[in-house]
Amino acid sequence: MRTRKDLLGLEDLTREEILEVLDTAESMLEILERPIKKVPTLRGITVANLFFEPSTRTRVSFELAEKRLSADSVNFQSTGSSVSKGETLKDTARNIEAMRVDMVVIRHGSAGAPHFLGRNLQAGVINAGDGAHEHPTQGLLDLFTVRRHLGRVEGLRVALLGDIAHSRVARSNLWGLRKLGASVVVCGPATLLPAEVERLGVEVAPTVEEAVDGADVVNVLRLQLERQTSSLIPSIREYARLFGLTRERLALAKPTALVMHPGPMNRGVEIAHDVADGTRSVILDQVTNGVAVRMAVLYLLLAEKRSEAGTALERTA
Ligand code: CP
(Lines give C-alpha, C1' and ligand atoms only; values in the text may rest on other atoms or scores of the structure.)
Protein backbone atom coordinates (compact mmCIF):
# COMPACT_ATOMS: atom_id res chain seq x y z
CA MET A 1 0.00 0.00 0.00
CA ARG A 2 2.85 2.39 0.81
CA THR A 3 3.89 2.52 -2.86
CA ARG A 4 0.37 3.25 -4.13
CA LYS A 5 -1.04 6.70 -4.87
CA ASP A 6 -4.70 5.61 -4.80
CA LEU A 7 -7.04 3.10 -3.17
CA LEU A 8 -9.65 2.35 -5.83
CA GLY A 9 -10.86 -1.15 -5.02
CA LEU A 10 -10.05 -4.43 -3.32
CA GLU A 11 -9.88 -6.11 -6.72
CA ASP A 12 -6.54 -4.29 -7.19
CA LEU A 13 -5.01 -5.14 -3.80
CA THR A 14 -2.90 -8.17 -2.99
CA ARG A 15 -3.57 -10.35 0.06
CA GLU A 16 -0.41 -8.86 1.64
CA GLU A 17 -1.61 -5.29 1.09
CA ILE A 18 -4.99 -6.10 2.66
CA LEU A 19 -3.25 -7.65 5.69
CA GLU A 20 -0.98 -4.59 5.96
CA VAL A 21 -4.07 -2.36 6.26
CA LEU A 22 -5.69 -4.66 8.84
CA ASP A 23 -2.51 -4.85 10.93
CA THR A 24 -2.04 -1.06 10.79
CA ALA A 25 -5.69 -0.58 11.78
CA GLU A 26 -5.00 -2.50 15.02
CA SER A 27 -2.57 0.26 16.07
CA MET A 28 -5.05 2.92 14.98
CA LEU A 29 -7.81 1.34 17.08
CA GLU A 30 -5.51 1.54 20.08
CA ILE A 31 -5.17 5.31 19.48
CA LEU A 32 -8.98 5.61 19.37
CA GLU A 33 -9.21 3.95 22.79
CA ARG A 34 -6.93 6.52 24.44
CA PRO A 35 -8.40 9.42 26.47
CA ILE A 36 -6.78 11.82 23.96
CA LYS A 37 -7.57 10.30 20.57
CA LYS A 38 -5.18 12.30 18.44
CA VAL A 39 -1.65 11.91 17.07
CA PRO A 40 0.40 14.33 14.94
CA THR A 41 1.13 11.80 12.18
CA LEU A 42 -0.49 13.67 9.27
CA ARG A 43 0.30 17.22 10.41
CA GLY A 44 0.74 19.40 7.31
CA ILE A 45 -1.32 17.08 5.06
CA THR A 46 -4.63 18.26 3.55
CA VAL A 47 -7.48 15.93 2.59
CA ALA A 48 -10.61 16.90 0.63
CA ASN A 49 -13.72 14.78 1.10
CA LEU A 50 -15.81 15.05 -2.08
CA PHE A 51 -19.28 13.55 -1.63
CA PHE A 52 -21.52 13.51 -4.68
CA GLU A 53 -23.93 11.05 -3.00
CA PRO A 54 -25.43 10.99 0.50
CA SER A 55 -23.47 9.36 3.32
CA THR A 56 -23.51 9.27 7.10
CA ARG A 57 -20.98 6.64 8.20
CA THR A 58 -18.32 6.94 5.50
CA ARG A 59 -18.22 10.73 5.42
CA VAL A 60 -18.12 11.22 9.21
CA SER A 61 -15.70 8.33 9.57
CA PHE A 62 -13.21 9.73 7.04
CA GLU A 63 -13.48 13.17 8.61
CA LEU A 64 -12.81 11.76 12.09
CA ALA A 65 -9.93 9.61 10.79
CA GLU A 66 -8.32 12.72 9.26
CA LYS A 67 -8.79 14.73 12.46
CA ARG A 68 -7.44 11.91 14.69
CA LEU A 69 -4.26 11.93 12.55
CA SER A 70 -4.04 15.77 12.65
CA ALA A 71 -4.59 16.27 8.90
CA ASP A 72 -6.43 19.38 7.73
CA SER A 73 -9.65 18.40 6.00
CA VAL A 74 -12.27 20.11 3.88
CA ASN A 75 -15.69 18.74 3.03
CA PHE A 76 -17.33 19.23 -0.33
CA GLN A 77 -20.90 18.22 -1.08
CA SER A 78 -22.21 18.49 -4.61
CA THR A 79 -25.49 20.10 -3.48
CA GLY A 80 -24.86 23.82 -3.14
CA SER A 81 -21.64 23.66 -5.21
CA SER A 82 -20.79 24.84 -8.72
CA VAL A 83 -21.70 21.35 -10.00
CA SER A 84 -25.25 22.78 -10.17
CA LYS A 85 -23.88 25.40 -12.63
CA GLY A 86 -22.59 22.62 -14.90
CA GLU A 87 -18.97 22.30 -13.70
CA THR A 88 -17.55 18.89 -14.60
CA LEU A 89 -16.17 16.36 -12.15
CA LYS A 90 -12.68 16.81 -13.58
CA ASP A 91 -12.79 20.60 -13.31
CA THR A 92 -14.26 20.44 -9.80
CA ALA A 93 -11.55 18.05 -8.61
CA ARG A 94 -8.69 19.89 -10.35
CA ASN A 95 -9.78 23.21 -8.83
CA ILE A 96 -9.85 21.66 -5.37
CA GLU A 97 -6.46 20.05 -6.02
CA ALA A 98 -5.10 23.46 -7.07
CA MET A 99 -5.63 24.57 -3.44
CA ARG A 100 -2.73 22.22 -2.58
CA VAL A 101 -4.73 19.22 -1.48
CA ASP A 102 -2.73 16.00 -0.97
CA MET A 103 -5.54 13.44 -0.94
CA VAL A 104 -9.05 13.31 -2.35
CA VAL A 105 -11.71 11.02 -0.89
CA ILE A 106 -14.58 10.62 -3.35
CA ARG A 107 -18.03 9.09 -3.26
CA HIS A 108 -19.84 9.22 -6.59
CA GLY A 109 -22.90 7.60 -8.15
CA SER A 110 -20.98 6.61 -11.27
CA ALA A 111 -18.81 3.50 -11.26
CA GLY A 112 -15.26 4.44 -12.24
CA ALA A 113 -15.39 8.09 -11.09
CA PRO A 114 -12.51 7.57 -8.56
CA HIS A 115 -10.44 5.79 -11.24
CA PHE A 116 -11.00 8.74 -13.59
CA LEU A 117 -9.77 11.15 -10.91
CA GLY A 118 -6.85 8.86 -10.12
CA ARG A 119 -5.70 9.27 -13.73
CA ASN A 120 -6.27 13.02 -13.78
CA LEU A 121 -4.97 14.19 -10.40
CA GLN A 122 -1.52 14.21 -8.89
CA ALA A 123 -3.15 14.00 -5.46
CA GLY A 124 -3.99 10.55 -4.14
CA VAL A 125 -7.54 9.30 -4.52
CA ILE A 126 -9.54 7.06 -2.17
CA ASN A 127 -12.75 5.48 -3.40
CA ALA A 128 -15.48 6.02 -0.77
CA GLY A 129 -18.04 4.18 -2.93
CA ASP A 130 -18.55 4.39 -6.71
CA GLY A 131 -21.98 3.46 -8.00
CA ALA A 132 -22.57 -0.27 -7.76
CA HIS A 133 -18.86 -1.00 -8.30
CA GLU A 134 -16.72 -1.01 -5.11
CA HIS A 135 -16.56 0.41 -1.58
CA PRO A 136 -13.05 -0.69 -0.59
CA THR A 137 -12.85 0.87 2.86
CA GLN A 138 -16.17 -0.81 3.78
CA GLY A 139 -14.75 -4.13 2.56
CA LEU A 140 -11.62 -3.58 4.66
CA LEU A 141 -13.53 -2.61 7.79
CA ASP A 142 -15.74 -5.68 7.39
CA LEU A 143 -12.66 -7.93 7.16
CA PHE A 144 -11.13 -6.16 10.16
CA THR A 145 -14.31 -6.66 12.20
CA VAL A 146 -14.50 -10.37 11.33
CA ARG A 147 -10.83 -10.90 12.18
CA ARG A 148 -11.12 -9.08 15.52
CA HIS A 149 -14.16 -11.09 16.59
CA LEU A 150 -13.31 -14.52 15.20
CA GLY A 151 -9.49 -14.32 15.15
CA ARG A 152 -9.15 -15.12 11.43
CA VAL A 153 -10.82 -14.84 8.06
CA GLU A 154 -9.28 -17.86 6.36
CA GLY A 155 -11.53 -20.91 6.29
CA LEU A 156 -14.68 -19.08 7.42
CA ARG A 157 -18.04 -19.46 5.70
CA VAL A 158 -19.55 -16.04 5.03
CA ALA A 159 -23.13 -15.58 3.82
CA LEU A 160 -23.91 -12.39 1.91
CA LEU A 161 -27.66 -11.84 1.73
CA GLY A 162 -29.80 -9.59 -0.43
CA ASP A 163 -29.21 -7.16 -3.22
CA ILE A 164 -25.86 -8.37 -4.54
CA ALA A 165 -26.28 -6.86 -8.02
CA HIS A 166 -26.50 -3.24 -6.85
CA SER A 167 -24.11 -3.56 -3.92
CA ARG A 168 -20.62 -2.10 -4.05
CA VAL A 169 -20.21 -3.46 -0.50
CA ALA A 170 -20.87 -6.99 -1.80
CA ARG A 171 -18.30 -6.62 -4.56
CA SER A 172 -15.56 -5.33 -2.22
CA ASN A 173 -16.42 -8.02 0.33
CA LEU A 174 -16.21 -10.72 -2.32
CA TRP A 175 -12.76 -9.64 -3.44
CA GLY A 176 -11.44 -9.23 0.10
CA LEU A 177 -12.93 -12.39 1.58
CA ARG A 178 -11.71 -14.57 -1.26
CA LYS A 179 -8.20 -13.08 -1.14
CA LEU A 180 -8.04 -13.87 2.60
CA GLY A 181 -9.27 -17.44 2.08
CA ALA A 182 -12.92 -17.34 3.22
CA SER A 183 -15.65 -19.16 1.31
CA VAL A 184 -18.61 -17.01 0.31
CA VAL A 185 -22.21 -18.01 -0.26
CA VAL A 186 -24.68 -15.48 -1.66
CA CYS A 187 -28.46 -15.49 -1.61
CA GLY A 188 -30.99 -13.03 -3.00
CA PRO A 189 -33.81 -12.74 -5.52
CA ALA A 190 -32.63 -13.86 -8.97
CA THR A 191 -33.27 -10.32 -10.23
CA LEU A 192 -30.82 -8.95 -7.64
CA LEU A 193 -27.96 -11.35 -8.39
CA PRO A 194 -25.39 -10.32 -11.02
CA ALA A 195 -25.43 -12.28 -14.27
CA GLU A 196 -23.12 -15.30 -14.08
CA VAL A 197 -22.61 -14.73 -10.35
CA GLU A 198 -20.89 -18.12 -9.98
CA ARG A 199 -18.00 -16.78 -12.06
CA LEU A 200 -17.19 -14.51 -9.09
CA GLY A 201 -16.08 -17.68 -7.27
CA VAL A 202 -19.03 -17.87 -4.87
CA GLU A 203 -21.68 -20.46 -4.08
CA VAL A 204 -25.27 -19.41 -4.78
CA ALA A 205 -27.83 -20.69 -2.27
CA PRO A 206 -31.46 -20.97 -3.39
CA THR A 207 -32.85 -20.02 0.05
CA VAL A 208 -31.71 -17.89 2.97
CA GLU A 209 -31.96 -20.96 5.18
CA GLU A 210 -29.41 -22.80 3.04
CA ALA A 211 -27.12 -19.76 2.87
CA VAL A 212 -27.16 -19.19 6.64
CA ASP A 213 -26.85 -22.88 7.59
CA GLY A 214 -23.48 -23.30 9.34
CA ALA A 215 -22.31 -19.76 8.52
CA ASP A 216 -19.63 -18.05 10.64
CA VAL A 217 -20.71 -14.61 9.43
CA VAL A 218 -24.02 -13.36 8.02
CA ASN A 219 -23.59 -10.05 6.24
CA VAL A 220 -26.93 -8.52 5.31
CA LEU A 221 -27.00 -6.04 2.47
CA ARG A 222 -29.31 -3.09 2.17
CA LEU A 223 -32.10 -3.27 -0.35
CA GLN A 224 -30.95 -0.40 -2.59
CA LEU A 225 -34.24 0.98 -3.78
CA GLU A 226 -32.56 4.13 -5.14
CA ARG A 227 -30.44 2.10 -7.61
CA GLN A 228 -33.27 -0.04 -8.99
CA THR A 229 -34.51 1.43 -12.22
CA SER A 230 -37.33 -1.07 -12.66
CA SER A 231 -39.40 -3.15 -10.32
CA LEU A 232 -37.08 -6.05 -9.53
CA ILE A 233 -38.99 -7.45 -6.58
CA PRO A 234 -42.76 -8.04 -6.31
CA SER A 235 -43.08 -6.05 -3.06
CA ILE A 236 -41.09 -5.03 0.00
CA ARG A 237 -43.30 -7.25 2.16
CA GLU A 238 -42.61 -10.25 -0.08
CA TYR A 239 -38.87 -9.51 0.01
CA ALA A 240 -38.90 -9.34 3.82
CA ARG A 241 -40.81 -12.63 4.03
CA LEU A 242 -38.52 -14.54 1.66
CA PHE A 243 -35.11 -12.94 2.21
CA GLY A 244 -35.17 -11.02 5.52
CA LEU A 245 -32.79 -12.21 8.28
CA THR A 246 -35.02 -13.23 11.19
CA ARG A 247 -34.13 -14.77 14.55
CA GLU A 248 -35.39 -18.15 13.33
CA ARG A 249 -33.16 -18.07 10.25
CA LEU A 250 -30.16 -16.86 12.23
CA ALA A 251 -30.56 -19.88 14.55
CA LEU A 252 -29.30 -22.03 11.64
CA ALA A 253 -25.89 -20.28 11.68
CA LYS A 254 -23.05 -21.29 14.01
CA PRO A 255 -23.71 -20.31 17.66
CA THR A 256 -20.76 -17.89 17.42
CA ALA A 257 -21.91 -16.36 14.11
CA LEU A 258 -21.61 -12.61 13.61
CA VAL A 259 -24.41 -10.50 12.13
CA MET A 260 -23.14 -7.63 10.01
CA HIS A 261 -24.77 -4.86 7.98
CA PRO A 262 -22.98 -1.91 6.30
CA GLY A 263 -25.86 0.47 7.04
CA PRO A 264 -28.11 2.26 6.59
CA MET A 265 -30.51 -0.53 7.58
CA ASN A 266 -34.06 -1.01 6.35
CA ARG A 267 -35.26 -2.47 9.65
CA GLY A 268 -38.04 -5.00 9.20
CA VAL A 269 -37.10 -5.47 5.53
CA GLU A 270 -33.69 -7.12 5.06
CA ILE A 271 -33.08 -7.49 8.81
CA ALA A 272 -35.46 -7.94 11.74
CA HIS A 273 -35.25 -5.39 14.57
CA ASP A 274 -34.34 -8.00 17.18
CA VAL A 275 -31.53 -9.39 14.99
CA ALA A 276 -30.12 -5.93 14.28
CA ASP A 277 -30.01 -5.19 18.01
CA GLY A 278 -29.29 -8.76 19.15
CA THR A 279 -26.27 -10.23 20.90
CA ARG A 280 -24.73 -11.52 17.64
CA SER A 281 -24.87 -8.11 15.99
CA VAL A 282 -21.51 -6.36 15.46
CA ILE A 283 -23.03 -3.59 13.34
CA LEU A 284 -21.90 -0.75 15.60
CA ASP A 285 -18.44 -2.34 15.96
CA GLN A 286 -18.20 -2.11 12.18
CA VAL A 287 -18.76 1.64 12.47
CA THR A 288 -16.14 2.05 15.21
CA ASN A 289 -13.66 -0.04 13.25
CA GLY A 290 -14.33 2.04 10.14
CA VAL A 291 -12.50 5.00 11.70
CA ALA A 292 -9.43 2.86 12.51
CA VAL A 293 -9.36 1.30 9.06
CA ARG A 294 -9.65 4.68 7.32
CA MET A 295 -6.86 6.04 9.54
CA ALA A 296 -4.73 3.07 8.42
CA VAL A 297 -5.50 3.66 4.73
CA LEU A 298 -4.66 7.38 4.99
CA TYR A 299 -1.48 6.61 6.94
CA LEU A 300 -0.23 4.04 4.43
CA LEU A 301 -1.13 5.93 1.25
CA LEU A 302 0.39 9.15 2.56
CA ALA A 303 3.65 7.51 3.70
CA GLU A 304 5.83 9.48 1.26
CA LYS A 305 4.02 12.79 1.79
CA ARG A 306 4.25 12.25 5.55
CA SER A 307 8.02 12.20 5.43
CA GLU A 308 8.08 15.24 3.07
CA ALA A 309 5.76 17.17 5.43
CA GLY A 310 7.90 16.14 8.41
CA THR A 311 11.08 17.36 6.70
CA ALA A 312 9.44 20.66 5.76
CA LEU A 313 8.28 21.16 9.34
CA GLU A 314 11.79 20.42 10.62
CA ARG A 315 13.26 23.00 8.17
CA THR A 316 10.95 25.73 9.45
CA ALA A 317 11.42 24.85 13.13
N1 CP B 1 -21.81 1.94 4.84
C2 CP B 1 -21.93 3.10 4.21
O3 CP B 1 -21.31 3.36 3.16
O4 CP B 1 -22.79 3.99 4.83
P5 CP B 1 -23.00 5.49 4.38
O6 CP B 1 -23.73 5.46 3.06
O7 CP B 1 -23.81 6.13 5.47
O8 CP B 1 -21.67 6.13 4.21
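**Exercise 1. Which residues lie nearest the centre of the second largest pocket?**

Before we start, a word on the model: it's predicted, so to speak of local features we need pLDDT of at least 70, side-chain atom pairs count only at pLDDT 80 or more, and totals for chains, interfaces and linings use all residues. Residues are numbered from 1 along each chain as its sequence is written, and side-chain values use heavy atoms, with hydrogens and water left out.

*Step 1.* Get the term straight: on a 1 Å grid over the protein atoms alone, a pocket is an open set of points with protein on both sides within 12 Å along at least five of seven lines, a cavity is a set where a 1.4 Å probe fits but cannot get out, and lining residues have an atom within 4 Å of a point.

*Step 2.* Look at the lining: it has 14 residues, and Arg4, Lys5, Leu301, Glu304 and Lys305 lie nearest the centre.

*Step 3.* Sort that lining by class and you get four nonpolar, three polar and seven charged residues. Here Ala, Val, Leu, Ile, Met, Phe, Trp, Tyr, Cys and Pro count as nonpolar, Asp, Glu, Lys and Arg as charged, and the others, Gly among them, as polar.

**Exercise 2. Find where the ligand sits, and list its polar contacts.**

*Step 1.* Pick the pocket: the ligand sits in the largest one, meaning more than half of its atoms lie within 2 Å of the pocket's grid points.

*Step 2.* List the neighbours (a heavy atom within 4 Å): Ser55, Thr56, Arg57, Thr58, Arg107, His135, Gln138, Pro262 and Gly263.

*Step 3.* Check for polar contacts (N or O pairs within 3.5 Å). A polar side-chain atom of Arg107 is 2.8 Å from a ligand oxygen, and one of Arg57 is 3.0 Å from a ligand oxygen. Gly263 joins in with a backbone N or O atom, 3.4 Å from a ligand nitrogen.

*Step 4.* Now the cover: alone, the ligand exposes 260 Å², and the protein buries 90% of that (Shrake-Rupley method, 1.4 Å probe).

**Exercise 3. Describe the largest cavity.**

*Step 1.* Search the whole structure: one cavity of 30 Å³ or more turns up.

*Step 2.* Give its volume: about 70 Å³, taken as the space filled by probe spheres set on the points, which are joined across faces, edges and corners.

*Step 3.* Name some lining residues, including Arg57, Gln138, His261 and Arg294. By class, the lining holds three nonpolar, six polar and two charged residues.

Methods:
Points joined across faces, edges and corners; volume = space filled by probe spheres on them. Polar contact = N/O pair within 3.5 Å; in protein donor to acceptor, adjacent residues only side chain to side chain.
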